[in-house]
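Thank you for letting me take a few minutes of the meeting. Please have the sequence and the picture in front of you, and we will walk through the fold together.

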Amino acid sequence: MKCLKWGVIGPGSVAQRRSMPAIQKAETAELHAILSRDIDRGQRLAKESGADIPYTDPKALQADPTIHA
């Protein structure tokens, strides 16, 4: 089965409690990137959640060809 790579924009408390855990539990999904205005926070959340890339620029996240959703 193909894996759907996700990018989360605005990893606030709702995303951390609901969306991100749901993506992590799904067998055909991968939390690939996180977009946060604060690079330190983005790097910390990416490390904690297993995401590969922390972004601070929305256009860079949108331009990433490896992100599907």
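**A walk through the sheet**

Let me begin at one pair of residues, where Leu-35 stands opposite Tyr-55 in β3. Between these two strands the chain crosses from β2 through α2 to β3, and this β-α-β crossover is right-handed. I should say straight away that what you see is a predicted model, so please keep that in mind as we go.

Another pair of residues belongs to this part of the sheet, because in β3 the bridge partner of Ile-34 is Pro-54. Altogether, β2 and β3 run parallel and are joined by three bridges.

Now let us turn to the other side of β2, where β1 runs parallel to β2 and six bridges join the two strands. One place to look is Leu-4, which stands opposite Ala-29 in β2. On its way from β1 to β2 the chain passes through α1, and this β-α-β crossover is again described as right-handed.

With both pairings in view we can put the sheet together, and what we find is an open sheet of three strands, in the order β1-β2-β3, with parallel pairing. Which strands are at the edges? They are β1, residues 4-9, and β3, residues 53-55, each of which pairs on one side only. If you look along the sheet, you can also see that neighbouring strands are turned by 30° against each other on average, direction ignored. Helix α1, made of residues 13-25, packs on this sheet, where it touches β1 and β2, and its direction makes about 140° with that of β2.

How well covered is β2? The strand is mostly covered, since six of its seven residues are buried.

**Three residues to look at**

A good example from β2 is His-32, which is found in that strand. Is His-32 buried or exposed? Its relative accessibility is 6%, and because buried means under 20%, His-32 counts as buried. Leaving out residues up to four places away in sequence, His-32 touches Lys-5, Trp-6, Ala-51, Asp-52, Ile-53, Asp-64, Thr-66 and Ile-67.

One of those residues, Asp-52, deserves a moment of its own, and you will find it in the loop between α2 and β3. Asp-52 has a relative accessibility of 48%, so it counts as partly exposed. Apart from residues up to four places away in sequence, Asp-52 touches Glu-30, Leu-31 and His-32. If you would like a distance to check on your screen, the C-alpha atoms of Asp-52 and Ala-26, which are 26 residues apart along the chain, are separated by 17 Å.

The third residue is Ser-36, which has its place in the loop between β2, residues 29-35, and α2, residues 39-49. Although it sits in a loop, Ser-36 is buried, with a relative accessible area of 6%. Which residues is Ser-36 in contact with, leaving aside its neighbours within four places in sequence? They are Pro-11, Arg-41, Gly-42, Tyr-55 and Thr-56, and you will remember Tyr-55 as the residue opposite Leu-35, where we began.

**Stepping back**

Finally, let us look at the whole protein, whose secondary structure comes to three helices and three strands. Read from the N terminus on, the elements run β-α-β-α-β-α.

What about the overall dimensions? Along its principal axes the C-alpha trace spans about 35 × 25 × 15 Å. For 69 residues, a compact globule would have a radius of gyration near 11 Å, and the protein has 11 Å, so the two agree. Of the 69 residues in the protein, buried ones make up 32%. The accessible surface comes to about 4600 Å², and 53% of that surface belongs to carbon and sulfur atoms.

My last number concerns contacts with a separation of 6 or more, 49% of which are accounted for by residues 24 or more positions apart. The contact of His-32 with Lys-5 is one that you can look up for yourselves. Thank you for listening.

Technical notes:
Residues numbered from 1 in each chain as written. Predicted model: local features only at pLDDT ≥ 70, side-chain atom pairs only at ≥ 80, totals over all residues. Heavy atoms only, no water. Helix = DSSP H or I, 4+ residues; strand = E, 2+ residues; numbered from the N terminus. Buried < 20%, exposed > 50% of the residue type's maximum accessible area, 1.4 Å probe, protein only. Contact = heavy atoms within 4.5 Å. Pairing = 2+ DSSP bridges. Axes fitted to C-alpha atoms, helices over the stretch in contact; angles between N-to-C directions. Rg over C-alpha atoms; globule rule 2.2 N^0.38 Å. Areas by Shrake-Rupley, 256 points an atom, 1.4 Å probe, with all protein chains shown as cover. Right-handed = clockwise from strand over helix to strand, strands pointing away.
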